Amino acid sequence: MKLKELERPAVQVWSPASQYPVYLATGTSAQQLDASFSTNGTLEIFEVDFRDPSLDLKQKGVLSVSSRFHKLIWGSFDNGLLESSGVIAGGGDNGMLILYNVTHILSSGKEPVIAQRQKHTGAVRALDFNPFQGNLLASGASNSEIFIWDLNNLSIPMTPGSKSQQPLEDIKALSWNWQVQHILSSAHPSGKAVVWDLRKNEPIIKVSDHSSRMHCSGLAWHPDIATQLVLCSEDDRLPVIQLWDLRFASSPLKVLESHSRGIFSMSWSHADAELLLSSAKDNQTLCWNLGSSEVVYKLPTQSSWCFDVQWCPRNPPVFSAASFDGWISLYSVMGRSWEVQHMGQADKISSSFSKGQPLPPLQVPEHVAQASLIPPLKKPPKWIRRPAGVSFAFGGKLVTFGLSSTPAQQLAQPCPRLVFISQVTTESEFLRRSLELQEALGSGNLLKYCQNKSQQVLLPCEKMLWQFLKVTLEQDSRMKFLKLLGYNKEELLEKVTTWLKRDLGTAESPQPKRDDPSSNRQVFCSQASKYTTEEASASSAFFDELVPQNMTPWEIPITEDTDGLLGQALLLGELGCAVELCLKEERFADAIILAQAGGTDLLKRTQERYLAKRQTKISSLLSCVVQKNWKDLVCACSLKNWREALALLLTYSGPEKFPELCDMLGTRMEQEGGRALTAEATLCYVCSGSVERLVECWAKDHQASSPMALQDLIEKVMVLNRSLEPRQAPDRVSPGPTTIYRITQYASLLAAQGSLANAMSFLPNDCAQPPVQQLRDRLFHAQGSTVLGQQSPPFPFPRVVVVGATTHSKEKSSYRFGSQPSHQVPTPSLRPMSTSQPSLVMPLTPSHPSPCQSSRMQTISDYRAPEPQAVQPLSLGPGVRPEPQDSWKNVPAPQANLQRKKMLETFMPLAPITAPVMSLIPEPQRVLPPQTPISSVNHAPPGAPGELSLQQRQQLPPKMVERKELPPEHQSLKTSFEALLQRCSLSATDLKTKRKLDEATQRLEGLYEKLCEGTLSPHVLAGLHEVARCVDAGSFEQGLAVHAQVVGCSSFSEVSSFMPVLKAVLTIAHKLQG
């Protein structure tokens, strides 16, 4: 993208990187003339303000000079001045070297010329300041003259050595080494470069091309590697850029050959040592990537030659280009289309001609629009790359990377990149308690665990809760719950006995004494023993005793008063009326005694009438005990007596209604009791075994749950769940949504701390909720080789296939490699059928990694991660697999398998193969008819109707050999491989490839027979299904890697009949795809 432009027939130089604001100095070029043919010279300094959207540069200083310039160089030498802007050195004709004070030019005050020296012969075309010592200036001119100037003492320059090279030549370029301060190099038209050592004052090496066609026009040292430099050739016969390494100076390391004519200049970026600019006579300005030797940026072809290009030292993406048409332009390699800029200029012009009415839109010719497009850099430059990065991965893994502390020694070798994968643990106490819980659950010693927890907690409510949880694990839990609530039957009997004895000792009234239960029991026992002994001796006397002796006769009242009416009702058997009379007279004992004789219904009504009339402190309790109306108790009792209400439920409520009543009591305590009773309500939920209510109650007080608070909850949930297991039926109810959410949250926290196996153990096995299934699947595959031999969890996403348009009337799905499907399944929450899962033994990496994958992996805590695979995302929504990008065009394929059965996805490593794999020579397939066992044949005698003659047998048609049907779980393998063979056959052009594919079709029949017979081992089956997934995804390179892994871990005799041919098909598909 063009940023600025300036119309000047001049040479240019940027201000040093330390200078701000950024300046661009221009000096009238000695090799150009304008239309006026003026020979005057001017030195100008312009400020480059990138905040200004216009293309103009702001002139900050101007100086008329007597000599025009071949070369300008701007150094940071300040001569001890704090406000110095450096020194500009200019090389002119006739050996003239002039030094200017930039500060004086900008201020237009003092004399800007520091010194003029005319020591050289001919034009001074090469200048360079030493990057380590700013006071040293190297200059080169004709006759191989090179001088080293000390700006502190310009009287006598020094030379780097004698003029030993013959014939004498012009010095086209000079450059100081950026790593070693006493090394200087010079470029000559004959095609050689001389490296000088100023400590020895002699050349130490000469580099030259053996073709003798090299005409050096430029030279530059590598910014980072001290022994490497580049040379460019101005000769049209050899327009190349050569990269040399002085340690191997016999031939160049690399040769860049995209220019078609001689190269004028080049500039090496110090912000990214891989980027090199060049301009040539073919009107092209190119930006090279020296690592890959390719052009990564290209300016549109200009109408004139560009003779000088320079990177901006301070702003890395900016560079300037000076051309022979008298223009100096500033560009940015972070380019985009010039369309926006051109439209802005067009709008500015249109505003001057519109006269209040808008002009019609501008129709730009297509070839002009295409020419204005500048593609961006193919690779991010170093200045915008992250020098270091960090990211958290699943399982508490911290992935970090950074640049190597030591620079690479050769560009041909990729710079090593270290990627560190470490385990981060921030909640050590959380992990410790989780492991303790897991050990207690595994060992079954939960009683001791609950006992320790009740002793460790400080809050009384927490201590009581753990005591309740401990009781749930024990026998006779209801009686123990009552004891925890403060009610003990033995203690109550002792209290009652003491109370009764105290009443007997203190009573002095003539009122009849209350019967002592103990005395009653003694009398009853004595009487029973008396009747037992007498029955054995005199049984006949028993009936004599039934006649009362000396009893006073009693009368039956039949008067009209209460007793008389009561007597009459009893005489007639009207017990209901009798009870009503007793109740009216408040003779409640008589009423209840009569009601017992009248049946259950009458007794129940009598009890209700009695309880309704007798309102005492204990009448409500009596009513609940007698009527068993526990729901009214739960809903009407005072919450101050929640313990007593819970005790009543524990004592009287049946097992069917008990959980529901406890939940009702706990819910009422939460809603009406406020925060004070919310913690106590958990005891009700523990008694009822309501895990979901327990979790919901906990969540009200822990909105922003911390790991330790969540650990407390999960401990209680796991213990309560374990106590419920003996009481639950086989088809038990799965956990509720709140419980599932908290357990999933807990497992995620464990996974974030790196405890993957522990996290997976807490997830419920029979839960069908997607978050649990997805987390289980992720945990299983994240554990890698530690889950070998375990059953893989079901795939947590529905499998879909993105299908293309169909050409048949019947609905058939087909797809093309690399083509976008015309119909996409609009299900953003789905995951593709063939999503590749990471291998559980080793990462599946290509056997020939590309340069971008050549980074080394340094891991911590025994963790290996597979190398990332390059993926081009498409906007299909999450989970929908995009079609492969690299295509075989217009090749239909049969319908891919829609439902791939779950297979074992682990490879059990076996002994390595020690014998060579068989070749692709086809073997004849001999199908023999199955022979009927002799024991199953019913032999008929000769001549019997069932016996066929030999002639009849010969006339019978041959029987078809029936092959076993392929199992459904392996049908997808045949579908994928046959589809691949069909696509390869349609795309192959040579007969040799087609012959191989035909042979492969026959050889794969052997694989299908083995699948029908079920003789393949599980890890081979898993590998075949993984290869099929790679085939469906179009990732044949990954499929070859899986194939190599299966072959390396399998028995030779088991896979030798089909694995070689499968590899051949994958190789052919990979070549056709590329």
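# Reading contacts, burial and helix packing

Q: A polar atom of the Gln 179 side chain lies 3.4 Å from the backbone oxygen of Asp 224. What else does the side chain of Gln 179 reach, and at what distance?
A: A good place to begin! Bear in mind that this is a predicted model. A polar contact here is a pair of N or O atoms within 3.5 Å. Besides the pair you mention, the side chain of Gln 179 reaches the backbone oxygen of Pro 223 at 2.5 Å.

Q: Where does Gln 179 sit, and which residues is it in contact with beyond its neighbours within four places in sequence?
A: Gln 179 is placed in the loop between strand E14 (173-176) and strand E15 (183-187). Leaving aside those sequence neighbours, it is in contact with Phe 132, Pro 223, Asp 224, Ile 225 and Ala 226. As for Pro 131, 48 residues separate it from Gln 179 in sequence, while the C-alpha atoms are 9.1 Å apart.

Q: Is Gln 179 buried or exposed, or something in between?
A: The idea is to place the relative accessible area on a scale: buried is under 20% and exposed is over 50%, with partly exposed in between. Gln 179 has a relative accessible area of 37%, so it is partly exposed.

Q: And how should I read Gln 753: buried or exposed?
A: Apply the scale again. Gln 753 has a relative accessible area of 10%, so it is buried. It is found in the loop between helix H21 (737-752) and helix H22 (756-762). Its side chain reaches the backbone nitrogen of Glu 427 at 3.1 Å. Not counting residues up to four places away in sequence, Gln 753 touches Gly 395, Gln 423, Val 424, Thr 425, Thr 426, Glu 427, Phe 430 and Leu 431.

Q: How many of the chain's residues, as a percentage, count as buried?
A: Of the 1074 residues, 42% count as buried. The chain exposes about 59,300 Å², with carbon and sulfur atoms supplying 54% of that area. There are 30 helices and 34 strands. Among contacts with a separation of 6 or more, 59% come from residues 24 or more positions apart.

Q: How do I read the packing of helix H6 and helix H18?
A: Two packed helices are described by the angle between their axes and the distance between the axes. Helix H6 (residues 460-472) and helix H18 (residues 658-688) pack at an angle of about 0 degrees, with axes 10 Å apart. That angle makes H6 roughly parallel to H18.

Q: Which residues make this contact?
A: From H6 come Cys 461, Met 464, Leu 465, Phe 468, Leu 469 and Thr 472, and from H18 come Ala 679, Glu 680, Thr 682, Leu 683, Val 686 and Cys 687. By type, they divide into nine nonpolar, two polar and one charged.

Q: Now for the backbone. Which residues does a cis peptide bond join?
A: Omega is the angle to check. For the bond joining Tyr 20 and Pro 21 it is about 5 degrees, and this peptide bond is cis. Pro 21 lies in the loop between strand E2 (10-14) and strand E3 (23-28).

Q: What is the phi of Asn 201, and what is that of Asp 476?
A: Asn 201 has a positive phi of about 55 degrees although it is not a glycine. This residue is in the loop between strand E16 (192-197) and strand E17 (202-208), and is partly exposed, with a relative accessible area of 38%. Asp 476, also not a glycine, has a positive phi near 50 degrees; its place is in the loop between H6 and helix H7 (477-485).

Definitions and conventions
Residues numbered from 1 in each chain as written. Predicted model: local features only at pLDDT ≥ 70, side-chain atom pairs only at ≥ 80, totals over all residues. Heavy atoms only, no water. Helix = DSSP H or I, 4+ residues; strand = E, 2+ residues; numbered from the N terminus. Buried < 20%, exposed > 50% of the residue type's maximum accessible area, 1.4 Å probe, protein only. Polar contact = N/O pair within 3.5 Å; in protein donor to acceptor, adjacent residues only side chain to side chain. Contact = heavy atoms within 4.5 Å. Areas by Shrake-Rupley, 256 points an atom, 1.4 Å probe, with all protein chains shown as cover. Axes fitted to C-alpha atoms, helices over the stretch in contact; angles between N-to-C directions. Parallel < 35°, antiparallel > 145°, perpendicular 65-115°, else oblique. Nonpolar A, V, L, I, M, F, W, Y, C, P; charged D, E, K, R; others polar.
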